[in-house]
Amino acid sequence: MATRAPAATGRLLVGFRKWYYNMCGFNKLGLMRDDTIHEDLDVKEALRRLPENVYNDRMFRIKRALDLSMKQQILPKNQWTKFDEDVHYLTPYLEEVIRERKEKEEWMKK
């Protein structure tokens, strides 16, 4: 019985994540999670490092979401970003930028 508990807990956690993802509402505008990250200096640098096609896709999603928001509309349900399709495209770049910044700060302390 103890071996089944982690699997059940994992399914429950995934279910909660999907519910929370849908409750946030950004997916109803066609946005991905990484589109909603607050742009500080680290995020701006990560965005600068994105491949051009990924950056253009991001800008299209954001402009479409702004347009829908101004019209007080949402996309048809079949066009919502699904939990399973949401790719964390910016996270690897952001982690690299943060790691480099921390390394530089450590270097400057010496």
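**Salt bridges, surface and overall form**

Lys-71 and Asp-67 are joined by a salt bridge, with 3.1 Å between the closest N and O atoms; the term denotes a side-chain nitrogen of Lys or Arg within 4 Å of a carboxyl oxygen of Asp or Glu. The structure is a predicted model, in which local features need pLDDT of at least 70 and side-chain atom pairs count only at pLDDT 80 or more, whereas totals for chains, interfaces and linings use all residues. Residues are numbered from 1 along each chain as its sequence is written, and side-chain values use heavy atoms, with hydrogens and water left out.

Both partners of this bridge are partly exposed: the relative accessible area is 48% for Lys-71 and 36% for Asp-67. In this classification, buried means under 20% relative accessible area, exposed over 50%, and partly exposed in between (1.4 Å probe, protein chains only). The salt-bridge rule gives a count of 13.

The secondary structure consists of four helices and zero strands, which gives the pattern α-α-α-α along the sequence. Helices (H or I, at least four residues) and strands (E, at least two) are DSSP runs, numbered from the N terminus. A salt bridge links Glu-100 to Arg-49, with the closest N and O atoms 2.7 Å apart. Glu-100 belongs to helix H4 (residues 91-109) and Arg-49 to helix H2 (residues 41-49), so this pair ties together parts that are 51 residues apart in sequence. Glu-100 is partly exposed at 30% relative accessible area, and Arg-49 is likewise partly exposed at 27%.

Within helix H4, Glu-103 and Arg-99 are four residues apart, about one turn of the helix. Their salt bridge has a closest N and O distance of 3.5 Å. Glu-103 is exposed, at 52% relative accessible area, while Arg-99 is partly exposed, at 47%. Salt bridges with shared partners also join Glu-45, Arg-48, Arg-49, Glu-96 and Glu-100 into one network.

Asp-34 is located in the loop between H1 and H2 and is buried, with 0% relative accessibility. Its side chain reaches the backbone nitrogen of Leu-90 at 2.8 Å and the backbone nitrogen of Tyr-89 at 3.1 Å. Beyond the neighbours within four places in sequence, the contacts of Asp-34 (heavy atoms within 4.5 Å) involve Arg-58, Val-87, His-88, Tyr-89, Leu-90 and Thr-91.

On the surface, Leu-13, Phe-16, Trp-19, Tyr-20 and Met-23 make a nonpolar patch of about 590 Å². Patches are made of residues with over 30% relative accessible area and no salt bridge, like charges being joined within 9 Å and nonpolar side chains (Val, Leu, Ile, Met, Phe, Trp, Tyr) within 5 Å. One of the patch residues, Tyr-20, lies in helix H1 (residues 4-24) and is partly exposed, with a relative accessible area of 48%. The accessible surface of the protein amounts to about 8,600 Å², with 59% belonging to carbon and sulfur atoms; areas come from the Shrake-Rupley method with a 1.4 Å probe, and for residues only the protein chains shown count as cover.

The C-alpha trace spans about 50 × 50 × 20 Å along its principal axes. The radius of gyration is 18 Å, whereas a compact globule of 110 residues would have a value near 13 Å; the quantity is taken over C-alpha atoms, and the globule rule is 2.2 Å times the number of residues to the power 0.38. Of the 110 residues, 25% are buried. Among contacts with a separation of 6 or more, 81% are between residues 24 or more positions apart.

Note on methods. Polar contact = N/O pair within 3.5 Å; in protein donor to acceptor, adjacent residues only side chain to side chain.
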